[in-house]
Amino acid sequence: MVLNLKESYGIWQQYLTDFPKSTRFTLGSKIDDVFLAAIEYCFLASYSASSDKQIFVDRGIARVDLIKLLLQLAWDIKALDDKRYIHLSNQLGKIGQMLGGWRLQIISKTPAH
């Protein structure tokens, strides 16, 4: 999971250099921060105790969803072209599916109270 996010982040970094200067240090920086938070939460989930994993996975899912929203905003204001938006959105969609599967796996292993 972390490797997929790292790969997407590397792609994002290439795209960020072509962001218009007027949004590079606002929206671009925000997307960058949220990407790093998503990577961090997935990393923490992979190393945390079983009882804490779901918390970090849920936070990772929320961050990936926020990245998708912010990328859509960047596309709406023409800071990101169609091809790049579609490429990153597809990558993040796959990552979201994997995170959702990880979450379901955690839930199914958690005993009911």
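This passage describes the nonpolar core, helix α3 and two phenylalanine residues of a predicted model.

The natural place to begin is the core. The largest nonpolar core holds 34 residues, and those that touch the most other members are Leu-5, Trp-12, Phe-19, Ile-31, Phe-35, Ile-67 and Leu-71. At least two core residues come from each of α1 (2–16), α3 (27–47), α4 (50–76) and α5 (82–109). Helix α3 gives the largest share, with ten residues.

That contribution invites a look at α3 itself. The helix has 21 residues, and the distance from its first C-alpha to its last is 31 Å, close to the 30 Å expected at 1.5 Å a residue. Its buried residues are Leu-27, Gly-28, Ile-31, Asp-32, Val-34, Phe-35, Ala-37, Ala-38, Ile-39, Tyr-41, Cys-42 and Ala-45. The partners against which the buried residues of α3 pack are α1, α2 (21–24), α4 and α5.

Two phenylalanines add detail to this picture. Phe-19, one of the core residues named above, touches Trp-12, Arg-24, Gly-28, Ile-31, Ala-74, Ala-79 and Leu-80 when residues up to four places away in sequence are not counted. Phe-56, for its part, lies in helix α4. Its relative accessibility is 19%, so Phe-56 counts as buried, the cut-off being under 20%. With neighbours within four places in sequence left aside, Phe-56 is in contact with Tyr-41, Leu-44, Ala-45 and Ser-48; of these partners, Tyr-41 and Ala-45 are among the buried residues of α3. Between Phe-56 and Phe-43, which are 13 residues apart along the chain, the C-alpha separation is 8.6 Å.

Conventions
Residues are numbered from 1 along each chain as its sequence is written. This is a predicted model: local features need pLDDT of at least 70, side-chain atom pairs count only at pLDDT 80 or more; totals for chains, interfaces and linings use all residues. Side-chain values use heavy atoms; hydrogens and water are left out. A nonpolar core is a set of buried Ala, Val, Leu, Ile, Met, Phe, Trp, Tyr and Cys residues joined through side-chain atoms within 4.5 Å. Buried means under 20% relative accessible area, exposed over 50%, partly exposed in between (1.4 Å probe, protein chains only). Helices (H or I, at least four residues) and strands (E, at least two) are DSSP runs, numbered from the N terminus. Contact means heavy atoms within 4.5 Å. The expected span of a helix is 1.5 Å times one less than its number of residues.
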